[in-house]
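The following paragraphs lead through a structure, from its helices to its buried and exposed residues. Please keep the sequence and the coordinates in view while reading.

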Amino acid sequence: MNFLGAVGFVYTALSPFNPGLFITEGVWAIVAVYGVWRIVARNRKKHASRGDAQ
């Protein structure tokens, strides 16, 4: 949800261009993607250690 909200704000920062909002929300979207990636990687590792990996 954080990623979708950040992308929405990035879109609204384009016209008229608002560089402060654009940069802030762009960084926030990257942080959100990184957080989701960490959760997915941790869950894959947990399942692999139990022998559940496919």
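Helices (H or I, at least four residues) and strands (E, at least two) are taken here as DSSP runs, numbered from the N terminus. In those terms, Pro 16 lies in the loop between H1 and H2. The peptide bond that leads from Ser 15 into Pro 16 is cis, and its omega is near -10 degrees.

Some conventions apply throughout. The model is predicted, and therefore local features need pLDDT of at least 70 and side-chain atom pairs count only at pLDDT 80 or more, while totals for chains, interfaces and linings use all residues. Residues are numbered from 1 along each chain as its sequence is written, and side-chain values use heavy atoms, with hydrogens and water left out.

Helix H2 has 31 residues and covers residues 19–49. From its first C-alpha to its last, H2 reaches 45 Å, close to the 45 Å expected at 1.5 Å a residue; the expected span is 1.5 Å times one less than the number of residues in the helix. Two C-alpha separations involve residues of this helix: Val 40 and Thr 24, 16 residues apart in sequence, are 25 Å apart in space, and Tyr 34 and His 47, 13 residues apart along the chain, are separated by 20 Å.

Burial is judged by relative accessible area: buried means under 20%, exposed over 50%, and partly exposed in between (1.4 Å probe, protein chains only). Which residues of H2 are buried? They are Glu 25, Ala 29 and Ala 32, and the buried residues of H2 pack against helix H1 (2–12). An α-helix has 3.6 residues a turn, so residues three or four places apart point the same way.

Glu 25 deserves separate attention. Leaving aside neighbours within four places in sequence, Glu 25 is in contact (heavy atoms within 4.5 Å) with Ala 6, Phe 9 and Val 10. Although buried, Glu 25 has no salt bridge, that is, no side-chain nitrogen of Lys or Arg within 4 Å of a carboxyl oxygen of Asp or Glu. How far away is the nearest side chain of opposite charge? It belongs to Arg 38, 21 Å away; Lys and Arg count as positive and Asp and Glu as negative, whereas His and the chain ends are not counted.

Thr 24, also placed in helix H2, counts as partly exposed because its relative accessible area is 48%. The C-alpha atoms of Thr 24 and Ala 6 are separated by 8.8 Å, with these positions 18 residues apart along the chain counted as their separation. Tyr 34 of H2 is partly exposed because its relative accessible area is 46%, and Val 40 of H2 is partly exposed because its relative accessibility is 39%.

The surface also carries a nonpolar patch of about 850 Å², made by Tyr 11, Leu 14, Phe 17, Phe 22, Ile 23, Val 27, Trp 28 and Val 31. Patches are made of residues with over 30% relative accessible area and no salt bridge, in which like charges are joined within 9 Å and nonpolar side chains (Val, Leu, Ile, Met, Phe, Trp, Tyr) within 5 Å. Accessible areas come from the Shrake-Rupley method with a 1.4 Å probe, and for residues only the protein chains shown count as cover. H2 gives the most to this patch, with 5 residues. Phe 22, found in H2, counts as partly exposed because its relative accessibility is 31%. Tyr 11, found in helix H1, counts as exposed because its relative accessibility is 64%. The C-alpha atoms of Tyr 11 and Val 31, 20 residues apart along the chain, are separated by 17 Å.
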